[in-house]
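Work through the exercises below with the sequence and the coordinates open. Each task is followed by a solution in steps.

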Amino acid sequence: DLLNYYYQVAPYIIPYLKDRPQSLNRFPNGIEGPSFYQKDVTGKVPDWIGLFPYTTSDEEKKNYMTCNNEADLLYMVNLGCIEMHPWNSTIQHPDNPDWCLIDLDPSDKNTFEQVIEVARTTKQLLDEIGVQAYCKTSGSTGMHIYIPLEPKYSYDECQLFGRWIATEVQERLPELTSIERIVKKRKGKLYVDFLQNRPGATLAAPYSARPKPGATVSMPLHWEEVKKGLQLKDFTIKNALERIKKEGDIFKPVLSEGIDLAKILNKIGD
């Protein structure tokens, strides 16, 4: 079922994976068994797989896998990758992310309606400064908000912008949200995570299945759908394709020309 889903969704998901190093999250024994992340695939994949070289802190040379076509995608699924985890930057501009991410990560004390409230507050904030943003369900417990960037800014600049967004949202919803990295310090509040804006960090790609009961999918949404009644379990590998074929790839603007971050930061500074 999973192979069949990815085979059919390949034209929609590959644009978000293409030319991006992949962190392989492998589940050799299914979602109930242990999983592990694999970054280095040196000598472990066929010759037709694309590689992106990197050097570790102790000067060891290694290679990430890239995913540029249907065969690459299905190969990853066959390795036990239920979800796809691309970098936020491409091999052409590895130090310059294509998008800024806000990951809304609820605690077990938060409801999904609270996630929706925080997402809408984030949208309102970004509307106020003239920034277009796009959202999707995480497919797990929260939501992801993407802001397209021109790939000319550093990860540090991108994270600085993410920090500003998260801080502003937290100030507007102080009883509900936290930007504390340490879980204990969050005191059960929803974590507005901007730290995914760093080299090598990944989130599940749009249209990616997730290793959850029911095989949920990280589904792009129209903002008007982000309202009471929305459920994460609404989108699974059983019904996702029907929706995608009907709606088209509504996340596509994320891949288009990004915001002028310097201009936006100046506006915020004023």
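**Exercise 1. Find the bridge partner of glutamine 22 in E5, then place the pair in its sheet.**

Step 1. Glutamine 22 is bridged to methionine 65 in E5. The model is predicted, so local features need pLDDT of at least 70 and side-chain atom pairs count only at pLDDT 80 or more, while totals for chains, interfaces and linings use all residues. Residues are numbered from 1 along each chain as its sequence is written, and side-chain values use heavy atoms, with hydrogens and water left out.

Step 2. E1 and strand E5 (residues 61-66) run antiparallel and are joined by two bridges. Strands (E, at least two residues) and helices (H or I, at least four) are DSSP runs, numbered from the N terminus. Two strands pair if DSSP finds at least two bridges between them.

Step 3. The open sheet has three strands in the order E1-E5-E4, with antiparallel pairing. Its edge strands are E1 (21-22) and E4 (51-55), each of which pairs on one side only.

**Exercise 2. Describe the surroundings of arginine 20 and of aspartate 19, and state whether each is buried or exposed.**

Step 1. Arginine 20 is located in the loop between H1 and E1. Its relative accessibility is 4%, so arginine 20 counts as buried (buried means under 20% relative accessible area, exposed over 50%, partly exposed in between, with a 1.4 Å probe and protein chains only).

Step 2. With neighbours within four places in sequence left aside, the contacts of arginine 20 include Met65, Thr66 and Cys67, Trp87, Asp98, Trp99 and Leu255. Contact means heavy atoms within 4.5 Å. Met65 is also the bridge partner of glutamine 22.

Step 3. Aspartate 19 lies in the loop between H1 and E1. Aspartate 19 is buried, because its relative accessible area is 18%. Its phi is near 60°, a positive value in a residue other than glycine.

**Exercise 3. Work out how H1 packs on H6 and on H2.**

Step 1. Helix H1 (residues 2-13) meets helix H6 (residues 240-247) at an angle of about 20°, and their axes are 11 Å apart. Therefore H1 is roughly parallel to H6. Axes are lines fitted to C-alpha atoms, for helices over the stretch in contact, and angles run from 0 to 180 degrees between N-to-C directions. Angles under 35 degrees count as roughly parallel, over 145 as roughly antiparallel, 65 to 115 as roughly perpendicular, and the rest as oblique.

Step 2. The crossing of H1 and H6 is left-handed (the near helix is turned anticlockwise from the far one by less than a right angle; clockwise makes a crossing right-handed). H1 contributes Tyr5, Gln8, Val9 and Tyr12 to the contact, and H6 contributes Ala240, Leu241, Ile244 and Lys245. Six of these residues are nonpolar, one is polar and one is charged (Ala, Val, Leu, Ile, Met, Phe, Trp, Tyr, Cys and Pro count as nonpolar, Asp, Glu, Lys and Arg as charged, and the others, Gly among them, as polar).

Step 3. For H1 and helix H2 (residues 70-78), the angle is about 145° and the axes are 10 Å apart. This crossing is right-handed. On the H1 side the contact is made by Leu2, Leu3, Tyr6, Tyr7, Ala10 and Ile13, and on the H2 side by Glu70, Leu73, Leu74, Val77 and Asn78. The contact of H1 with H2 has nine nonpolar residues, one polar and one charged.

**Exercise 4. Trace the pairing of E10 on both of its sides.**

Step 1. The order of the open six-stranded sheet is E9-E10-E6-E8-E7-E11, with mixed pairing. Its edge strands, E9 (177-178) and E11 (220-221), each pair on one side only.

Step 2. E6 (residues 99-105) and E10 (residues 190-193) run antiparallel, joined by three bridges. Aspartate 105 has tyrosine 191 as its bridge partner in E10, and leucine 104 stands opposite valine 192.

Step 3. E9 and E10 run parallel and share two bridges. Here threonine 177 is bridged to leucine 190.

Step 4. In E10, Leu190 and Val192 point one way, Tyr191 and Asp193 the other way, and all are buried. Lysine 187, in the loop between helix H5 (183-186) and E10, is exposed, with a relative accessible area of 70%.
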